[in-house]
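The following note sets out several points on the packing of this structure, for consideration alongside the coordinates.

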Amino acid sequence: TYNREHCIGRALKSVIDQTFQDWELIIIDNASRDRSLEIIKSFNDKRISVLNINNNGIIAKSRNMGLKHSKGKYIALLDSDDWWHQEKLQFSIKRLDEGFDLVYHDMYEVRSAKLSNSKFRRVRTRNLYQPVFSDLLKNGNGIINSSVILNREILEKINGFNELPNLVGTEDFDGWIRIALLTEKFSRINRCLGYYWAGGGNMTKPSRQLENIETIGRIYKE
């Protein structure tokens, strides 16, 4: 997170309100200058911890720090401007316990601070077909970052997310591709179990996306 005082409380509350309660929440703060830390402390929950970093714009460094300090069997990702449905962990962990390595689901796209389910557009992920590696390269990223929960061992085997500057904003997609070289056990839950903020301030600018695509192409060129 970075300077998210306007929305980080919403993200935290969505974790605290989960029907599945055996979790730890590690927040990686990129030297925020606003009231973010004050808001985090106000929750006063021992399962929540904060680590500080100056990632110089490399989001993967923050994600990898969280991975390094985590203790759980599974790793769930949540960007600080997104939030989860209260049954997200319950359904996702059930699927992982069935033997899958990476689980994901649809999310609602939110563009207005006036929250109303009737106005949300469902952002549909897609089922991935084997070989998953080829599907991802040919058809693009069908997975939303804040919907993902995955087997910790798999993430460690790929040494976490790629910290290459040209992959900022798509380090998650690169991660899924590298995971697909190790396992075909990807599973999509056909439920909308979270909310994706698209109201501004995120990393998905067209120019950056183009650079990301070109970088992915160079890395995985046959």
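1. The model is predicted. In it, H5 passes H7 in a left-handed crossing. The axes of these two helices come within 8 Å and cross at roughly 150°. Because angles over 145 degrees count as roughly antiparallel, H5 is roughly antiparallel to H7.

2. On the H5 side of this contact lie Val132, Phe133, Leu136 and Leu137, which meet Phe173, Trp176, Ile177 and Ala180 of H7. By class, the contact comprises 8 nonpolar residues, with no polar and no charged ones.

3. The largest nonpolar core contains 27 residues. Leu136 and Trp176 are among those with the most contacts inside this core, as are Leu102, Ile143, Val148, Ile179 and Phe186. Two or more residues each are given by helix H3 (59-69), strand S5 (102-110), helix H5 (132-139), helix H6 (152-157) and helix H7 (171-180). The largest share, 5 residues, comes from H7.

4. Ile143 merits separate inspection. Leaving aside residues up to four places away in sequence, Ile143 touches Leu102, Tyr104, Thr125, Leu128, Val148, Trp176 and Phe186.

5. A second core, separate from the one above, has 18 residues, including Ile27, Leu89, Ile189 and Leu193. In soluble globular proteins, nonpolar side chains tend to be buried together.

6. Helix H1 (residues 8-16) should also be examined. Its buried residues are Ile8, Gly9, Ala11, Leu12, Ser14 and Val15. Strand S1 (25-29), helix H2 (36-42), strand S2 (48-52) and strand S4 (83-84) are among the elements that cover the buried residues of H1.

Technical notes
Residues numbered from 1 in each chain as written. Predicted model: local features only at pLDDT ≥ 70, side-chain atom pairs only at ≥ 80, totals over all residues. Heavy atoms only, no water. Core = buried A, V, L, I, M, F, W, Y, C linked by side-chain atoms within 4.5 Å. Buried < 20%, exposed > 50% of the residue type's maximum accessible area, 1.4 Å probe, protein only. Helix = DSSP H or I, 4+ residues; strand = E, 2+ residues; numbered from the N terminus. Contact = heavy atoms within 4.5 Å. Axes fitted to C-alpha atoms, helices over the stretch in contact; angles between N-to-C directions. Parallel < 35°, antiparallel > 145°, perpendicular 65-115°, else oblique. Left-handed = near helix turned anticlockwise from the far one by under 90°. Nonpolar A, V, L, I, M, F, W, Y, C, P; charged D, E, K, R; others polar.
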